[in-house]
Amino acid sequence: MKLRFYQSMVALLLAICIVPAFAADTPLGAGDALKISVFGNPDLSLETKVSDAGNITFPLIGNVSVGGLSTADAEKKISGMLTDGGFLRKAEVNIMVTELQSQMVSVLGQVLHPGRYAISGKRNVTDMLAAAGGVSPEGGDTATVIRVRNGKTIKQVVNLVEMIHSADMKSNLDLSNGDMVYVDRAPKFYIYGEVQHPGGYRLEANMTVIQALSVGGGLTPRGTERGLRIKRRDASGNEQMIDAKNNEVLQTDDVVYVKESLF
């Protein structure tokens, strides 16, 4: 139920999400492709990429360091170099970023299209999940977000479903270059024995044994709810068998066994 709700929300995000234009205050960096023009001077038009050192080579003025500058600041710098060098009386420079490579966020794990995505301006977790196609059917309710701030690596777990249900977007963290979003795989439980559809299924929060029986299609004509057992591993990894009641809450990787009725 939660999965369907969340996927519908992701679909809505995708419907309203368009590829963002390059934000004017986003700093230029290595690999960014630029289209530069000077008003009234078509011979000075240039298409280039920012080098690993953060530089470009521009006609007449040569090497220009633009790494870390906004497009507006880079325009002013080139304009100033053209006028101060005596090449033009007035230089109206325009820079358009045609390909953004310096500001990237990785979206990995259980999403439809994992990979590295360019960001421009302010982007948050749901923005990047939408860009990656949303959570896949195998995805869980949570995403692990790894960010580097002031030289420190910060790891935070965001409960996506809870955030949307509560409409509390405080945990919808802002992202910047180098951050990573990892969508965890949904936890599973397993059921076998005298059930209609034995196998592994998604474990919902607070799912009970009787709910697990329902997910497995119910009992076969030979099955019984008496003597249900759960095979579970403890914190040390040791396997244990538990006599289960119908209201027993399942844990991740539990294996429910349904016995055959003796009568």
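**Reasoning about a predicted chain**

Modeller: Let's start with how the chain folds back on itself: of the contacts in the protein chain with a separation of 6 or more, 55% are between residues 24 or more positions apart. Keep in mind that this is a predicted model.

Biologist: Okay, what makes two residues count as being in contact?

Modeller: Their heavy atoms have to come within 4.5 Å. Glu138 is a nice case: leaving aside its neighbours within four places in sequence, Glu138 is in contact with Gln110, Asp184, Arg185, Ala186 and Lys188.

Biologist: Where does Glu138 sit?

Modeller: You'll find Glu138 in the loop between helix 3 (125-131) and strand 9 (139-149). There's also Val183, which is 45 residues away from Glu138 in sequence, with 9.7 Å between the two C-alpha atoms.

Biologist: Why is Glu138 called partly exposed?

Modeller: Check the number against the cut-offs: buried means under 20%, exposed means over 50%, and partly exposed is in between. Glu138 has 34% relative accessibility, so it goes in the middle class.

Biologist: Let's zoom out, then. How many helices and strands does the protein chain have?

Modeller: Five helices and 17 strands.

Biologist: How do you know what the radius of gyration of the protein chain should be set against?

Modeller: You use a compact globule of 263 residues, which would have a radius of gyration near 18 Å. The protein chain has 28 Å, so by that rule the chain doesn't match the compact globule. The spans of the C-alpha trace along its principal axes are about 100 × 35 × 30 Å.

Biologist: And what share of the residues is buried?

Modeller: That's 41% of the 263 residues. As for the accessible surface, it comes to about 14600 Å², with 52% belonging to carbon and sulfur atoms.

Biologist: Salt bridges next. What makes Glu99 and Lys49 a salt bridge?

Modeller: The rule asks for a side-chain nitrogen of Lys or Arg within 4 Å of a carboxyl oxygen of Asp or Glu. Glu99 and Lys49 have an N to O distance of 3.9 Å, so the pair passes. Glu99 belongs to strand 5 (residues 93-99) and Lys49 to strand 2 (residues 46-49), so the bridge ties together parts that are 50 residues apart in sequence.

Biologist: Why are both of these residues called partly exposed?

Modeller: Glu99 has a relative accessible area of 33%, and Lys49 has 47% relative accessibility. Those values fall between the 20% and 50% cut-offs, so partly exposed is the label for both.

Biologist: What about Glu248 and Arg232?

Modeller: Their side chains meet in a salt bridge too, at 4.0 Å from N to O. This pair links distant parts of the chain, 16 residues apart: Glu248 is in the loop between strand 16 (239-243) and strand 17 (255-258), while Arg232 is in strand 15 (residues 229-233).

Biologist: Is Arg232 buried or exposed?

Modeller: Arg232 has 8% relative accessibility, and buried means under 20%, so it's buried. Its partner Glu248 has 23%, so Glu248 counts as partly exposed.

Biologist: What makes Glu239 and Arg233 a salt bridge?

Modeller: Their closest N and O atoms are 3.7 Å apart, and the limit is 4 Å, so they qualify. Glu239 is partly exposed at 47%, whereas Arg233 is exposed at 55%. Elsewhere, salt bridges that share partners join Glu138, Arg185 and Lys188 into one network.

Biologist: How many salt bridges does the structure hold?

Modeller: The count is 13.

Biologist: Last stop, the loops. Why is Asn150 called exposed?

Modeller: Asn150 has a relative accessible area of 81%, and exposed means over 50%, so the label fits. Asn150 is in the loop between strand 9 and strand 10 (152-159), and its phi is near 55 degrees, a positive value in a residue other than glycine.

Biologist: What is phi for Ala167?

Modeller: Near 60 degrees, again a positive value in a residue other than glycine. Ala167 is in the loop between helix 4 (160-166) and strand 11 (174-175). With a relative accessible area of 59%, it is over the 50% cut-off, so Ala167 is exposed.

Biologist: And where does Gly178 lie?

Modeller: In the loop between strand 11 and strand 12 (180-185). Gly178 and Met104 are 74 residues apart in sequence, yet their C-alpha atoms are 5.9 Å apart in space.

Methods
Residues are numbered from 1 along each chain as its sequence is written. This is a predicted model: local features need pLDDT of at least 70, side-chain atom pairs count only at pLDDT 80 or more; totals for chains, interfaces and linings use all residues. Side-chain values use heavy atoms; hydrogens and water are left out. Helices (H or I, at least four residues) and strands (E, at least two) are DSSP runs, numbered from the N terminus. Buried means under 20% relative accessible area, exposed over 50%, partly exposed in between (1.4 Å probe, protein chains only). The radius of gyration is taken over C-alpha atoms; the globule rule is 2.2 Å times the number of residues to the power 0.38. Accessible areas come from the Shrake-Rupley method with a 1.4 Å probe; for residues, only the protein chains shown count as cover.
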